[in-house]
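Dear colleague,

Please find the structure below, handed over for your consideration. My findings on its sheets and helix packing follow directly after it.

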Amino acid sequence: MYKKEISYEIIDYSGITNVKFYTSTDNGSYIPSHWHRAVEILYMQEGELDVTVESSSFTIYPGDCILINANVIHSTKCIIPNRAIVLQIPLDFIEKYIPDVQQFMFIWDYQTKDPVKKTKLDMLKTTLEQLQIIDDIRPDGFILRFNSLIFELLFQLYHNFSVKVFQSDLSQQKKDLDRLNLVLNYISENYKRPISLDEIAGVAYLQTGYFCRFFKKKMGVTFLEYQNEYRLSFIYKDLINTKDPVHVILERHGFTNYKLFRRMFQDHFGCTPTKVRENMKK
């Protein structure tokens, strides 16, 4: 599930199905805060995944199914290898069939004990499992069955899980995300070197003090913390997928403060880089 684009994520959708659907096998990753103009559903089948959606953090386990609405800032961390169904449905596609979709959010409690709500969620899980089967087997005419299941799922989302929101909130959200998009794209292009607060505030067309408050409010961390978390995502990937020494990996991704790196790594992953590599070998 690792992606280099970690700000506004541009998803490569299938031209035939109009959605992105796949079974993800993740041996270890850290994806800092990002968003996309698509509804994303994660259905965990094996292992675990730590998820943060805006200010709420939780861990999902086998059988858990969550939804992340379009344009909602979120991050994920995989310490224990996992396997999950991933479905991303672009808003542009949904709008063709639910013209007022911008006025709705899709919400459910993945841990609900309410029998009616649980039945509705179980129906959606079953649809996802059917999508996985047909996508794996791909018999003749598979696209007809696949698309029919996508429309079934959209119907379930609309009738069972939609909640109306205020248009004014959406308008302000778009302005904020457009501004954040400039900032996060700039970070992705320049993260290997130090970026000053004055420099990044200029990218956002804001005064430095206001920018710091704006960024912390929207992203949940300071700009410096995010910049280091962004570097950490690439460092973690290289730790797992290469045999390069840790100091070489740090230099490659612009992390110059080794003491700070060790503290951040311990906070995020609960162990040392050496331990991560030992666990992966096991």
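I begin with a single pair of residues: D50 has T59 in strand 5 as its bridge partner. Please note that the model is a predicted one. The pair D50 and T59 belongs to the ladder between strand 4 (residues 49-53) and strand 5, which run antiparallel and are joined by five bridges.

These strands lead to the sheet around them. Strands in the order 2-7-4-5 make up an open sheet of four, and their pairing is antiparallel. At its edges stand strand 2 (29-34) and strand 5 (56-60); each has a single partner strand, so one side of each is left without a neighbour in the sheet. On average, and with direction ignored, neighbouring strands of this sheet are turned by 15° against each other.

The model has another open sheet, also of four strands, in the order 1-8-3-6 and with antiparallel pairing. Here the edge positions are held by strand 1 (20-26) and strand 6 (65-68), each with a single partner strand, so one side of each lacks a neighbour in the sheet. The average turn between neighbouring strands of this sheet is 20°, direction ignored.

Strand 3 deserves a closer description. Strand 3 covers residues 38-46 and pairs with strand 6 in the antiparallel sense over four bridges. With strand 8, strand 3 forms eight bridges, and this pairing is antiparallel as well. I41 can be followed in both directions: I41 stands opposite L67 in strand 6 and opposite L87 in strand 8. Y43 has C65 of strand 6 as its bridge partner. How many of the nine residues of strand 3 are buried? Seven of the nine are, and strand 3 is thus described as mostly covered.

A helix also lies against the sheet that contains I41, which stands opposite L67 in strand 6. Helix 3 (residues 142-160) packs on that sheet and touches strand 1, strand 3, strand 6 and strand 8 (82-90). The direction of helix 3 makes about 80° with that of strand 8.

I turn now to the packing between helices, where helix 7 has two contacts to report.

With helix 10 (residues 273-281), helix 7 (residues 223-241) packs at an angle of about 45°, the axes being 9 Å apart. Because of this angle, helix 7 counts as oblique to helix 10. The crossing of helix 7 past helix 10 is right-handed. Helix 7 contributes Y236, D238, L239 and I240 to the contact, while helix 10 contributes P273, V276, R277 and M280. By class, the residues of this contact of helix 7 with helix 10 comprise six nonpolar, no polar and two charged.

With helix 9 (residues 258-269), the axis of helix 7 comes within 11 Å, and the two cross at roughly 75°. Helix 7 is therefore roughly perpendicular to helix 9. From helix 7, the contact involves E225, N228, E229, L232, I235, Y236 and L239; from helix 9, it involves L260, F261, M264, F265, H268 and F269. The residues of the contact between helix 7 and helix 9 divide into nine nonpolar, two polar and two charged. Y236 and L239 of helix 7 appear in the contact with helix 10 and also in the contact with helix 9.

Yours sincerely

Technical notes
Residues numbered from 1 in each chain as written. Predicted model: local features only at pLDDT ≥ 70, side-chain atom pairs only at ≥ 80, totals over all residues. Heavy atoms only, no water. Pairing = 2+ DSSP bridges. Axes fitted to C-alpha atoms, helices over the stretch in contact; angles between N-to-C directions. Contact = heavy atoms within 4.5 Å. Parallel < 35°, antiparallel > 145°, perpendicular 65-115°, else oblique. Left-handed = near helix turned anticlockwise from the far one by under 90°. Nonpolar A, V, L, I, M, F, W, Y, C, P; charged D, E, K, R; others polar. Buried < 20%, exposed > 50% of the residue type's maximum accessible area, 1.4 Å probe, protein only.
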